[in-house]
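Hi everyone, thanks for coming. Let's walk through one protein chain together, step by step.

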Amino acid sequence: MLSRRALLQTTVALAATTAIAKTKAVEAATAPMAIPASVAKPVDPHPWKWWVSLDGGDVYHNACATREEALEIARGYGTNAIYGTTAIIAECKQQDFRTDIDGDRILEWLQESNEELIGEGEYIDCSAEQLKDLEDSVEATIRAWVERHKINNTAWMFGDVRNKEIVSALPRQEGAPA
């Protein structure tokens, strides 16, 4: 008969092995054909774009392909009741939300979820290598899940901002956006 600790360790190992197998199967099924490095160009899912802010840079809107387009939009707003006659344009790069997982948090969650079953003072023991494998397996599973279900994982916060400029807005012209 297995002890509670041995049973839990076996269950965790089986779950991790199953997750790895599923992840590898998804990766194999969705893997693109190999393209020589000399031909393949990495696609940036979040290229630099110009954005407009009317509130001092807290919130940006109107993604633009060029600086000139962003300037035109910023100047078209005219006087802003709160921030006056200025706007900010900046080149911004969006980012995806994080999918990295801390293995210690997973073990902590498992410990808390099974506290009554494990008993006091008993813990799930694993080596640093096993913990790293758990982290990698769960991260790969999350990435595969996001991809499989076409989940939008673009974060609301920019990953980087550059070329920030203050623009003096001109008086609003007839037909300009409100």
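Let me start with a definition: two strands pair if DSSP finds at least two bridges between them. Helices (H or I, at least four residues) and strands (E, at least two) are DSSP runs, numbered from the N terminus. What you see is a predicted model, where local features need pLDDT of at least 70, side-chain atom pairs count only at pLDDT 80 or more, and totals for chains, interfaces and linings use all residues. Residues are numbered from 1 along each chain as its sequence is written, and side-chain values use heavy atoms, with hydrogens and water left out.

Now, the strands. Strand 3, residues 86-93, runs antiparallel to strand 4, and 7 bridges join them. Within that pair, Ile 89 stands opposite Glu 165 of strand 4. Both belong to an open sheet of 4 strands with antiparallel pairing, in the order 2-1-3-4. Strand 2 (61-64) and strand 4 (160-168) each have a single partner strand, so one side of each has no neighbour in the sheet.

On to the whole chain: 5 helices and 4 strands, in the pattern α-β-β-α-β-α-α-α-β. How much of the chain is buried? Of its 178 residues, 29% count as buried, meaning under 20% relative accessible area with a 1.4 Å probe, protein chains only.

Last stop: contacts, meaning heavy atoms within 4.5 Å. Of the chain's contacts with a separation of 6 or more, 76% come from residues 24 or more positions apart. Thanks for listening!

Technical notes. Buried means under 20% relative accessible area, exposed over 50%, partly exposed in between (1.4 Å probe, protein chains only).
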